[in-house]
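Here are my notes for you, as numbered points to read beside the model. I have kept each one short, and the working cut-offs are given as they come up.

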Amino acid sequence: MSKLKFIIGSLMISSLFVGCTEDEKVDITGISFNGDTIIATEGVSYDVSEELNISGGDADQANIVFSSGDANVVSVDGTILTAEAVGTTTLTATETNTDLTATVNVEVIAKVVAVTGITLDKETEDLKVGETLQLAATIAPADATEQGVTWTVAFPSESKTKEDVPTDIATVSDAGLVTAIAAGDVVVTATSKDGGFAASATLSITNVDITSLEIVLADEATYAIAEGNDGFTPVLSIEPANATIKTVTWSLEYTPVLARTSGEVTADYYATVDTETGVVTGKNECIDCGLELVATATEGGKQAKVRLDIDYIEVTGLQLEQASYFTITAGETEQMAFTVVPKNANDQNPNVSWSIETQDSGECVEVRTQIAVAPDYSDYATVDENGLITAVKNYSNPCSNLAIVAQIEGVEGTTSAQFDVENVVATSVTIDQGESLTLEEGESITLSATVAPSNTTNPDITWSTYDPTEEARVAVSCLEVSPEGVVSAGYCSNTYTVYAYNSESELVDSIDITVEPCVACN
């Protein structure tokens, strides 16, 4: 009997033993397999006769036939079983003299082929920053069970660590796709998951150099720069667009033209330049004097040059930053701001005088005679020498608006903007003495009222014995109220109402005054 469990493939039906003839009785009482399952390895053959137990006096004369439940999984030739493919099936043994049978499960497992080595399709390669490279790894043998590979990027020597170079000179994907990120040398390694065999490729990554550098001007071959004014920031055209390092260093060169003497004059006499931004500041006039602006690429040394003219540019006017019409609330201020015209004029802070006048609103058609001396509009708004407007109160004239006027000393013409002062209108009127009070005949009292908010432009109160908001305005003869709110009771006992009215807001409050007979008068 067998001492082993076997890995078996597809089985073909075959005879194992030839025993007695049909006319003879044989003493066979049973057949069985050693276990419930035979485990076989794909591609391996086994003798399964050792797995079968036969009992009875004529056991040595048994005639056994083996059959496979699925010949695609295991096959049989006599007693030799071969594992054909991974899977499960059954193996049946039949004793032909007695028709006794035995069945066992057969499980075929995959054959494990170990990795013996790995190679790469490239050992060295040159790349530019931004380029990619697909590496391919080949596992040996070709039928190795585990084909998995792990990709890594490292530096070529222990003396050069990742801290010495930019982070991620290159990256590699799980599929072996290398992306070059920065200049440097790296080693890309593929390691087999089975056995840890490794193969490497050394990659040399270089920058994409600038091939063409040009300073771009607007329309002309030279550019005028105002003395003392940072009015010119150059624009660069760089080729190729994917150049790795596009930074440049800016400088000025001075080469005196013919018929001029250089003396001790250098480029710095005419202008200075910011070496990082290229912003040029003119210092002295230089028309066709041999001054050039130079851009030098920090990587590769490519240069571009352009001739510069330094010209003094006069201020011709102002451009107010405020709109042509704006509003200010009474009690508040507005700081006027401006830019000079042209924007690159030398004097960026000219002496400007400010004034307030009125200008035609465009709403009236009558012709008015111009006043030779400008009237004083300080009741409505004031402006200081720095252009700070302080709003006082609304100027109400349908034919004209207030205007702020700016004039540059020594420059003809003015610049102006119309504005309106918006009053702070009262939101409430409250009589301080409450809703009612009592007076004796002949007695007087001075009433007062609080107007909110406290910065109301027109807080004036009109006092009366009739409601100013109503059309019927009948004064009470027996109760006098002065414009200042002094109430004098006559000799008419009764209850009267006194009103406090703010005309701009059209708000009103009232108080009931009861006049009682004078006790001391009797």
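1. Let's start with Ile 404. Leaving aside residues up to four places away in sequence, Ile 404 touches Phe 326, Met 336, Trp 354, Ser 355, Ile 356, Val 383, Ile 389, Thr 415, Ser 416, Ala 417 and Phe 419. Contact here means heavy atoms within 4.5 Å. Please keep in mind that this is a predicted model, in which local features need pLDDT of at least 70 and side-chain atom pairs count only at pLDDT 80 or more, while totals for chains, interfaces and linings use all residues. Residues are numbered from 1 along each chain as its sequence is written, and side-chain values use heavy atoms, with hydrogens and water left out.

2. Ile 404 also belongs to the picture of the core. The largest nonpolar core has 26 residues, and those with the most contacts inside it are Phe 326, Ile 389, Ile 404 and Phe 419. Such a core is a set of buried Ala, Val, Leu, Ile, Met, Phe, Trp, Tyr and Cys residues joined through side-chain atoms within 4.5 Å; buried means under 20% relative accessible area, exposed over 50%, and partly exposed in between, with a 1.4 Å probe and protein chains only. Two or more residues each come from strands S28 (317-320), S29 (325-329), S32 (352-360), S34 (388-391), S35 (400-408) and S36 (415-422). Strand S35 gives the largest share, four residues.

3. Now the overall make-up. The protein has one helix and 45 strands, where helices (H or I, at least four residues) and strands (E, at least two) are DSSP runs numbered from the N terminus. Of its 522 residues, 37% are buried. Among contacts with a separation of 6 or more, 65% are between residues 24 or more positions apart. The accessible surface comes to about 28700 Å², and carbon and sulfur atoms hold 47% of that. These areas come from the Shrake-Rupley method with a 1.4 Å probe; for residues, only the protein chains shown count as cover.

4. Next, a sheet with mixed pairing. Four strands form an open sheet in the order S38-S45-S44-S41, two strands being paired if DSSP finds at least two bridges between them. Strands S38 (436-440) and S41 (462-464) are the edges, each pairing on one side only. From one strand to the next, the twist averages 25 degrees; axes are lines fitted to C-alpha atoms, for helices over the stretch in contact, and angles run from 0 to 180 degrees between N-to-C directions.

5. How do the side chains of S38 point? They alternate: Leu 437 and Leu 439 are buried on one face, while Ser 436, Thr 438 and Glu 440 point to the other and are not buried. S38 runs parallel to S45 (residues 507-516), joined by five bridges. Within this pairing, Thr 438 has Thr 514 as its bridge partner, and Glu 440 has Glu 516.

6. Strand S19 (residues 198-206) is worth a look too. Ala 199, Ala 201, Leu 203 and Ile 205 point to one face and are buried, whereas Ala 198, Ser 200, Thr 202, Ser 204 and Thr 206 point to the other and are not. S19 pairs in parallel with S12 (residues 124-128) over five bridges, and antiparallel with S18 (residues 184-192) over eight. S18 and S19 make a hairpin with five residues between them, and Gly 195 in the turn has a positive phi of about 95 degrees.

7. Please check the disulfides by eye. Two are counted, taking a disulfide as a pair of cysteine sulfur atoms within 2.5 Å. In the pair Cys 286 and Cys 289, the sulfur atoms are 1.3 Å apart. The torsion about that S-S bond is about -45 degrees, so the disulfide of Cys 286 and Cys 289 is left-handed. Cys 286 is buried at 1% relative accessible area, and Cys 289 is buried at 1% as well.

8. The other pair is Cys 478 and Cys 492, with sulfur atoms 2.3 Å apart. Here the torsion is about -40 degrees, so this disulfide of Cys 478 and Cys 492 is left-handed. The pair links distant parts of the chain, 14 residues apart: Cys 478 sits in the loop between S41 and S42 (479-481), and Cys 492 in the loop between S43 (486-489) and S44 (494-502). Cys 492 is partly exposed, at 27% relative accessibility.
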